[in-house]
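Me: I'd like to go through this structure and ask what stands behind the words used for it. Could you set each value against its definition?

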Amino acid sequence: MLLFTLCAGMFLVQLDVTVVNVALPTLGTGLHADLAARQWVADGYTVVLAAFLLTGGALGDVVGHRRIVLTGFGLFGVASVACGLAATAPELVAARAGQGLGAALLLPGTLAVITNAHPGRAERARALGVWAGVSALALAAGPVLGGAVVTAAGWRPVFWLNVPIVLAAAFATWRLVPRGERAPGRLDPAGAATAAPALGAGVYAVIGGSAVAAVVAAVALAAFVAVERRSPDPMLPLDVVRRTLSATFVAAAMNFVGIGAILVLTLYLQGVRHASPLTAGLEVLPLFGPLSVLAPIAGRLTARFGPRPLMVAGLALGVLGMANLALLGENSGYPALLPTLLGLGTGMGLLTTAVVTAAVSSLPPGRAGVASGVNNTARQAGGALGVAVLGAVAGTPGEGFLDGLHLVGAIAAALWLTAIGVTLAGVRNPSPAPV
């Protein structure tokens, strides 16, 4: 029951990554939002989530993960109501940022409690498989649920659906999650203050094509590195970076391609193939179905063989799937898209648990909050940049969109090929453990 309750937090975080995608064309019309504004509706959530994940993990380690998780549920619920009431695109983006802040408190706390509750490597891998399976279920439910709700009642109720889940999960967390021990250490406000503008300005530079934003991002990133080197209690300790670097890169690459591709494929299905929101949600199920089914199985395989074989296999399948986008033409039918959906979904189903296991196993359990924060920061930052970069490459459906789609496939395949090399070179594969 404890594992199920903590998974509810991850379910909310991931649900709001994909549930919005199928609603973007409809809410864009209703709020008179152009492509850049729609990208920010998606990225306003993921940018803030990524920017404050490290802070959320550090806060949990210092003041207790139970308290931080409950605070995250509260923020997420209030922001979800604000999303449903937004009258303009800027209001919606601001409310989505509030959701991201709540999610940044939720995500590392839930993962840290799960990690500490399952100290054995095989036991932890199986628990993380369940956690990843619930995450994948949320990704799968998002397009279908969002498409059904948008078709039946418009885009606003998409956000109000979070409220009953938040209330139930917060009550269960209050009853079931132990208070736990607080780790010694202090917060790092200077690190948080420099990390957020580094990521936010970087994403804005890509979406808006702003050279000024690019300069701000570079300066903020340099300031963040300088602050972390001098801080007695850094938010991102250098030894954590060193010991999790390979898994962190793969995690970022995974979500860069996965989350960015969801946006681009949704634009393709609704803008080129003229599918309704519900139809588009159903048509992407071949991507999310394997992801949902394989995540728990991948947990058991990771416990038996270690993370590296599954990471390589998942990345290779994703490379084949994204390369298939080069074959799509003006009159291609839906079956021509299936290899992309199945390859990417199966690849991410094998990857998700293995990547998280590789990251959290690199550090002692007492630093689970920081370890999960680093890994999830990489994932969410990668997802935010993927939406920005791949969305900009593909462009608005119309003349030239298919050329952009082909380029998206080439970029994604090249990045995951690089990730295979990083995995082989840098991810340690422990000796097999009995299951």
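Me: What makes histidine 274 exposed?

Reply: Its relative accessible area is 64%, and exposed means over 50%, buried under 20% and partly exposed in between, with a 1.4 Å probe and protein chains only. Histidine 274 is therefore called exposed. The residue sits in the loop between helix 11 and helix 12 (277-283). This is a predicted model, in which local features need pLDDT of at least 70, side-chain atom pairs count only at pLDDT 80 or more, and totals for chains, interfaces and linings use all residues. Residues are numbered from 1 along each chain as its sequence is written, and side-chain values use heavy atoms, with hydrogens and water left out.

Me: What is the phi of histidine 274?

Reply: Histidine 274 has a positive phi of about 60 degrees, although it is not a glycine. Most residues other than glycine have a negative phi.

Me: How do you know how many helices and strands to count?

Reply: Helices are DSSP runs of H or I with at least four residues, strands are runs of E with at least two, and both are numbered from the N terminus. On that basis the protein has 17 helices and 0 strands. Of its 435 residues, 58% count as buried.

Me: Why is asparagine 255 called buried?

Reply: Asparagine 255 has a relative accessible area of 4%, so it falls on the buried side of the cut-off. Asparagine 255 belongs to helix 11. Beyond its neighbours within four places in sequence, asparagine 255 has contacts (heavy atoms within 4.5 Å) with Gly260, Met348, Arg379, Gln380, Gly382 and Gly383. Helix 11 also holds threonine 244, which counts as buried at 2% relative accessibility. The C-alpha atoms of threonine 244 and valine 360 are 8.3 Å apart, with their positions 116 residues apart along the chain.

Me: What makes alanine 384 buried?

Reply: Its relative accessible area is 0%, so alanine 384 is buried. Alanine 384 is part of helix 16 (residues 368-394). Not counting residues up to four places away in sequence, alanine 384 touches Asp43, Thr46, Val47 and Val203. Its C-alpha atom is separated by 8.6 Å from that of glycine 44, although the two are 340 residues apart along the chain.

Me: What makes a group of residues a nonpolar core?

Reply: The members must be buried Ala, Val, Leu, Ile, Met, Phe, Trp, Tyr or Cys residues joined through side-chain atoms within 4.5 Å. The largest such core has 76 residues, and Leu92 and Trp416 touch the most other members. Helix 11 (residues 238-272) gives the largest share, 16 residues. Apart from this core lies another of 15 residues, including Val13, Tyr45, Leu49 and Phe76.

Me: Why are helix 3 and helix 4 called roughly antiparallel?

Reply: The axes of helix 3 (residues 35-63) and helix 4 (residues 65-85) cross at roughly 150 degrees and come within 8 Å. The axes are lines fitted to C-alpha atoms over the stretch in contact, and angles run from 0 to 180 degrees between N-to-C directions. Angles under 35 degrees count as roughly parallel, over 145 as roughly antiparallel, 65 to 115 as roughly perpendicular and the rest as oblique. The pair is therefore roughly antiparallel.

Me: Why are helix 13 and helix 14 oblique instead?

Reply: Helix 13 (residues 285-305) and helix 14 (residues 307-323) pack at about 130 degrees, with axes 7 Å apart. That angle is in none of the other classes, so the two helices are oblique to each other. Ala298, Leu301, Thr302 and Phe305 of helix 13 meet Pro307, Pro309 and Leu310 of helix 14.

Me: How do you know that the length of helix 4 agrees with what is expected?

Reply: The expected span is 1.5 Å times one less than the number of residues. The 21 residues of helix 4 should therefore span 30 Å, and its end C-alpha atoms are 30 Å apart, which agrees. Helix 14, with 17 residues, reaches 24 Å from its first C-alpha to its last, close to the 24 Å expected. The buried residues of helix 14 pack against helix 11, helix 13, helix 15 (338-360) and helix 17 (401-426).
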